[in-house]
Amino acid sequence: MRLSAQTRAAAIGLARERVEDLRFLKGRGHYIDDVILDGMLHGVVLRSPVAHARIKSIDTSAVLAMPGVKAVFTARDLGETVLIPLRAASLPGYERSFLQPPFAVDKVRYVGEPVAFVVADTPYRAEDALERIEVDYEPLPAVTDWASANRDSVLHDHAGTNVASSYRVTRGDPSVVAGADYVRSERLRCHRHSGVPLETRGLVAQWDAAQQRLRVWGAAKVAFANRRILAGMIGLPETAIDLIEVDIGGGFGVRGEFYPEDFIVPFAARALERPVKWIEDRREHLMATNHAREVDCELQIACRADGTILALSGSIFVDLGAYVRTNGSMAPSNTAAFLPGPYRIPHFACDVNVFTSNKTPIGSFRGPGRFEANFFRERMIDIAARDLGIDPVEMRRRNLLTAQEMPYDPGALIPNSATSPYDSGDYALALSGVIAASEWDRLHALSGRIVDGWHHGVGVACFVESGGAGPRECTRLRLADDGTIDLYTGCSTLGQGHETSFAQICADALGIAPEAVRVFHGSTTDLAEGFGTYGGRAAVMGGSAILDAARAFIEQARPLAVGLFGSPNEELVWRDGAFFSADGMRQTNLAELAGAARMNGRVLDVEGAFNNTKLTYSYGANVAHVAVDIKTGRVKVLGYWAVEDVGRMINPLIVHGQMIGGIVQGLGGTFFDEFIYDEDGQLLNASLADYLLPTASDFPSINCISLEHARSTTNPLGVKAAGEGGIVAVAATVANAVSAALAPLGVGINTLPITPVRIWRAAQESMTTTATSGSQGN
Amino acid sequence: MKPAPFDYLRVHSIDEAIAALAEHDDAVILAGGQSLVPMLNFRLASPGLLIDINRISDLARIGVTPDGLTLGALVRWHELESSTVVARHNPLLQYAVRHIAHYQIRNRGTVGGSSAHADPAAEFPAVALACDAIFSLRSARGTRTVTAADFFRGALETALEPGEMLVAIQFPAWPVRRGWGFEEFARRAGDFALAGAIVLLDYDADGVCADASLVSFGAGDRALRLTRAEECLRGIRLTVGALTEAARIAAEDCEPKSDMHAPAEYRSALLETLMLRALNAAAAPDRRTVA
Amino acid sequence: MTSITVQVNGRAESHDVEPRLTFADFLRHTLRLTGTHVGCEHGVCGACTVLVDGKAVRSCLMFAVQADGCEVVTVEGLAPDGELSPLQQAFRRHHALQCGFCTPGMLITAQALIDSEPDLTEERVRDVLSGNICRCTGYVPIVAAVLDAAASGDRKR
Ligand SMILES: Cc1cc2nc3c(=O)[nH]c(=O)nc-3n(C[C@H](O)[C@H](O)[C@H](O)COP(=O)(O)OP(=O)(O)OC[C@H]3O[C@@H](n4cnc5c(N)ncnc54)[C@H](O)[C@@H]3O)c2cc1C
Ligand code: FES
Ligand code: FES
């Protein structure tokens with residue numbers, strides 16, 4: 001094919017208003033609870049009210065006689081025990097099996113664990129029935145944290161230990177801190193919180209007995225993987241199952257993994273031969289959907305007097321909750337792997353310790369491991385900078401990897417995964433950008449000062465953020481009769497606007513207008529193969545697959561065009577969505593090609609794929625300016641600035657939106673969101689009145705700049721992940737800012753969340769102890 | 001999260017309401033529903049009958065007499081928020097109401113519901129207590145009045161007897177020389193406060209503090225009048241020292257509780273801070289109602 | 001069962017309902033007006049906000065029986081078919097929605113605010129919207145959209 005310049009203006013890079021907005025704004029979205037099927041029944045889950053107990057008996061006899069109740073299911077109805085497998089790469093030790101069955105078998109291990117499922121004609125009546133199921137629990141001591149007194153109470157008897165995994169990763173030789181002028185150790189802690197999308201989870205399942213086909217609506221994130229899991233658990237071929245994506249009210253990593261209900265609901269629908277709907281309520285959501293981020297850390301930093309970091313080493317202690325869920329390896333392994341971050345740290349080691357506890361299992365939440373690791377590392381750097389009397393920005397500049405060092409191999413830091421070098425970037429550029437945007441010098445002069453009773457502080461943090469790698473992602477392009485394109489992608493969309501951005505990619509690949517592309521996503525019905533959306537992979541993987549499909553599309557269309565032109569020897573050129581004769585005088589467009597295909601009894605329908613084992617690495621830096629009232633413990637975030645290089649923006653409007661949204665979500669995770677358990681393993685705040693999420697009045701001043709400086713070298717689009725960069729450095733930045741504000745009191749923030757009580761107490765302690773120097777913990 | 005079954009009765013008069021209350025011992029009144037309905041949805045309550053008083057127009061009036069301001073039990077937050085009458089006759093009340101919950105909730109929630117619900121951190125009961133408001137209760141047995149101090153008994157506990165409903169709350173006239181302060185601390189706008197402080201300072205013609213009313217809320221299991229602290233302000237010319245001392249005593253007496261949101265020692269320290277700020281506001285010349 | 005008649009988006013709807021049916025469920029499942037969303041069912045998230053007799057209220061904290069005789073506007077009633085209201089257009093322009101789940105509640109609340117208060121400040125908009133949770137956008141574009149729509153002379157929906 002001869003190359004020819006497109007004359008149409010590029011669609012990639014346009015801040016195009018979103019296509020999906022039209023239906024959402026008019027209330028015409030179609031979310032899972034909007035799915036209504038004939039004869040549909042409603043299921044509700046009976047959940048364990050206790051954290052750890054043996055189930056002595058379950059009596060459901062009173063329930064079936066209740067009005068409207070059709071059935072009740074428990075573990076016994078499943079026959080032999082089925083377990084939900086791990087989807088992501090495993091960790092050493094996980095082979096002892098800490099996997100979760102759909103219904104608790106013999107034992108419950110966290111408050112909220114499914115015990116039974118009642119199906120009735122309305123959700124109201126199903127809930128009425130829940131109250132009548134009698135379960136006899138024999139309580140066992142609850143293990144509520146890894147260091148707890150009850151650590152001898154073993155959750156998984158067959159494993160014989162609560163240590164789910166323990167391993168060490170290293171690079172260089174961290175024991176050699178020769179030449180270190182300065183060594184310091186700290187304990188830090190990130191708390192348990194999660195994504196909490198505004199729409200709770202939900203599923204509708206339908207069993208077609210005649211066709212022996214199972215249809216499940218409500219897929220999100222990884223429909224194809226979940227189909228494989230479901231097929232294996234329920235004993236059907238994958239091809240007999242459709243997982244169908246509808247609109248999704250936010251995912252943030254927690255929605256769309258395979259949960260107990262993803263088996264229970266289809267199982268019930270098949271058993272009853274009636275469609276069954278299950279909509280998680282908010283209370284359930286807070287105790288049933290993956291938690292995240294609970295990790296303690298002991299870290300040691302070794303530097304030269306000039307601030308050059310020589311080594312970083314330590315241990316992390318991850319509270320996994322009761323089971324290893326589908327991606328239960330991601331948070332621990334990523335926390336360790338991202339500890340060195342964007343810096344040249346020659347010697348690094350981390351002991352990773354993962355413990356089971358009688359709490360809700362954890363999974364990935366936006367920026368898994370990064371939010372935590374950035375907080376740990378960036379605090380250490382600030383502490384060291386302060387001790388060494390070096391400006392925190394300068395300290396970072398001195399240690400950031402340079403553009404000349406790219407690609408940079410961070411080493412093998414994740415078990416069972418290939419290493420993946422940092423692809424490209426000028427990390428100092430992002431830091432300089434945020435320093436300029438925030439007018440750092442002006443703010444820095446204020447840092448540590450008191451104005452009208454408010455202690456001002458400014459903090460900075462840098463990050464590198466991986467995204468977008470395999471497994472293979474697929475795209476299918478189908479030419480509609482009117483000459484427009486139907487694009488089917490294996491990626492799901494959970495608010496990211498793929499219907500808009502993927503159309504832009506396809507438009508440029510074919511030289512047509514984005515309006516001429518309709519995007520369908522996330523359902524296993526559209527494509528033979530696909531994977532899904534997580535870890536910022538959609539644009540990278542799904543987007544690159546579009547380029548491949550577009551190439552295949554043009555080649556398949558060529559014979560049709562040749563037929564239309566009637567001159568087999570002529571060299572046809574594809575440009576602006578049409579084939580042109582070599583002299584450019586004659587052309588045939590997509591509508592004509594569609595007509596020709598129809599005449600030949602064909603449809604132009606092609607697939608493309610993209611496979612990539614290498615990650616993209618976006619990077620950036622954030623600055624926060626805070627004011628602290630030590631009397632009440634209130635922190636006001638007066639300004640927040642973020643710069644991130646995403647390589648290339650498909651749609652700046654969307655990239656920008658992801659960034660702001662991520663930052664505010666991160667501010668929530670820094671100040672508010674927290675699952676609070678008591679010593680018996682009861683979740684105390686299973687309502688949105690007590691589990692606090694940020695609101696419109698909390699964080700008014702957020703400023704973001706997205707750069708397109710260093711394209712990724714791992715994919716033909718040159719894009720990098722853009723969905724997680726907003727959130728990952730927030731706790732780090734804010735903790736540094738608050739610590740800077742309170743530095744004159746000798747107070748540093750090493751524990752999240754940053755609550756009024758925590759600040760007040762730290763200030764209190766520093767004022768009552770005489771020896772304040774160097775007191776950092778709280 | 002769906003409520004258990006109940007019967008529903010819409011009433012159009014107070015008499016109808018109290019007759020229904022007398023007849024059904026598992027009935028509860030449904031006012032704005034902003035506290036009751038969440039409890040029903042969580043199945044923390046499952047009454048047999050809901051008596052919906054929302055259409056009793058007599059209950060929704062704001063009245064002004066020389067004796068003060070009378071609020072029907074069904075007066076909603078948004079009416080207080082925007083009422084010029086309330087601004088004039090009880091600026092503290094209006095200011096406090098703006099801290100209650102959120103826009104949509106203020107469109108529904110009522111003074112009667114908030115009082116009967118008696119959340120320890122609710123603003124309205126605390127204002128009523130500070131202002132010595134009088135609560136009118138009706139039942140098939142007749143009408144009685146109780147003071148705010150007697151009405152609020154504890155967390156979610158009031159003087160309401162079975163079969164009784166709250167019909168009105170009367171706020172005594174706002175004195176001519178009065179300063180006021182209101183401070184609360186909540187994690188986010190609209191949340192129930194971790195602690196709050198209300199101050200009324202009445203001066204005589206010479207600028208001596210003739211009377212003081214100090215209330216804490218959210219700190220303990222109900223709003224409290226902090227009488228020891230009030231006592232040390234009466235009859236003196238206010239000084240920084242006196243205000244500081246009053247705040248300190250107030251914190252000692254506020255009976256703070258510990259819960260998942262905050263430990264008692266934080267709450268009492270917070271209350272001291274808020275009380276001092278409220279006292280300073282009340283003592284500041286621009287917060288005195290009439291110069 | 002109680003029989004009720006409610007004016008919803010200008011149409012009279014008569015149905016027999018169980019007293020315990022929440023108004024949100026009535027709109028969504030009885031009338032199949034699924035634009036109104038449910039995010040918590042305990043009055044915190046604001047996704048279920050609708051206008052009842054002109055006032056923005058939480059439909060999860062009302063029962064359908066209570067709406068008998070009321071006039072109700074849901075997101076489906078904000079603009080004539082096929083068009084976007086000025087507020088909806090501003091939301092699109094500012095990318096004030098991602099997953100769209102909070103959007104109906106945001107639009108209803110913001111429209112009520114714009115219709116009832118002339119001079120909106122950013123602070124006021126933020127305060128009023130603090131009763132509506134959005135997990136995606138960080139609120140910045142939502143606040144900008146509301147201020148933009150309020151400032152454009154054409155405030156009618
Ligand atoms: C998210 C959220 C945040 C909130 N934040 C705050 C806040 O910050 N501050 C605050 O003060 N409140 C807050 N509230 C509560 C709100 O103010 C309620 O409106 C109020 O507490 C109850 O008023 P209501 O009219 O809604 O009562 P309902 O919910 O209808 O009733 C509450 C109780 O009072 C009884 N009752 C009602 N009226 C009468 C009567 N006339 N006589 C006898 N009994 C009666 C009912 O039977 C019920 O037991 C919040 C609510 C929510 C959902
Ligand atoms: S669903 Fe009504 S406020 Fe959340
Ligand atoms: S757009 Fe997703 S919750 Fe607001």
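Me: How much accessible surface does chain A have in this predicted model?
Reply: Happy to start there! Carbon and sulfur atoms own 50% of the accessible surface of chain A. The whole of that surface comes to about 24,900 Å².

Me: What share of the residues of chain A counts as buried?
Reply: A residue counts as buried when its relative accessible area is under 20%. Chain A has 778 residues to sort in this way. The buried share is 66%.

Me: What is the radius of gyration of chain A, and what would a compact globule have?
Reply: Let's begin with the box: the C-alpha atoms of chain A fill roughly 90 × 75 × 50 Å along the principal axes. For 778 residues, a compact globule would have a radius of gyration near 28 Å. Chain A agrees with that, because its own value is 27 Å.

Me: How far apart are the centres of the positive and negative side chains of chain A?
Reply: Good one to picture! Chain A carries 72 positive and 89 negative side chains. The centres of these two sets are separated by 2 Å.

Me: Which proline follows A:Leu752 through a cis peptide bond?
Reply: Most peptide bonds are trans. Here omega is about -10°, and the bond is cis. The proline sits in the loop between helix H15 (730-742) and helix H16 (756-768) of chain A. Its name is A:Pro753.

Me: Where in chain A is A:Pro407?
Reply: The peptide bond that leads from A:Met406 to A:Pro407 is cis, with omega near -10°. Follow the chain there and you reach a loop. A:Pro407 lies between helix H8 (392-399) and helix H9 (427-437).

Me: Is C:Arg32 buried or exposed?
Reply: You can find C:Arg32 in the loop between helix H1 (23-30) and strand S3 (49-52) of chain C. Its phi is positive, about 60°, although C:Arg32 is not a glycine. The relative accessibility of C:Arg32 is 53%, and the cut-off for this class is over 50%. Therefore C:Arg32 counts as exposed.

Me: Why does C:Asn9 count as partly exposed?
Reply: C:Asn9 is in the loop between strand S1 (2-8) and strand S2 (11-17) of chain C, and has a positive phi near 50°. Partly exposed covers the range between under 20% and over 50%. C:Asn9 belongs there because its relative accessibility is 30%.

Me: What distance separates the centres of domain 1 and domain 2 of chain C?
Reply: Domain 1 of chain C spans 2-77 and domain 2 spans 86-151. They touch, with 16 residues of domain 1 in contact with 12 residues of domain 2. Taken over C-alpha atoms, their centres are separated by 21 Å.

Note on methods:
Residues numbered from 1 in each chain as written. Chains lettered and ligands numbered in written order. Predicted model: local features only at pLDDT ≥ 70, side-chain atom pairs only at ≥ 80, totals over all residues. Heavy atoms only, no water. Rg over C-alpha atoms; globule rule 2.2 N^0.38 Å. Buried < 20%, exposed > 50% of the residue type's maximum accessible area, 1.4 Å probe, protein only. Areas by Shrake-Rupley, 256 points an atom, 1.4 Å probe, with all protein chains shown as cover. Lys, Arg positive; Asp, Glu negative; His and termini not counted. Charge placed at Lys NZ, Arg CZ, Asp CG, Glu CD. Domains from an automatic or database assignment. Contact = heavy atoms within 4.5 Å. Helix = DSSP H or I, 4+ residues; strand = E, 2+ residues; numbered from the N terminus.
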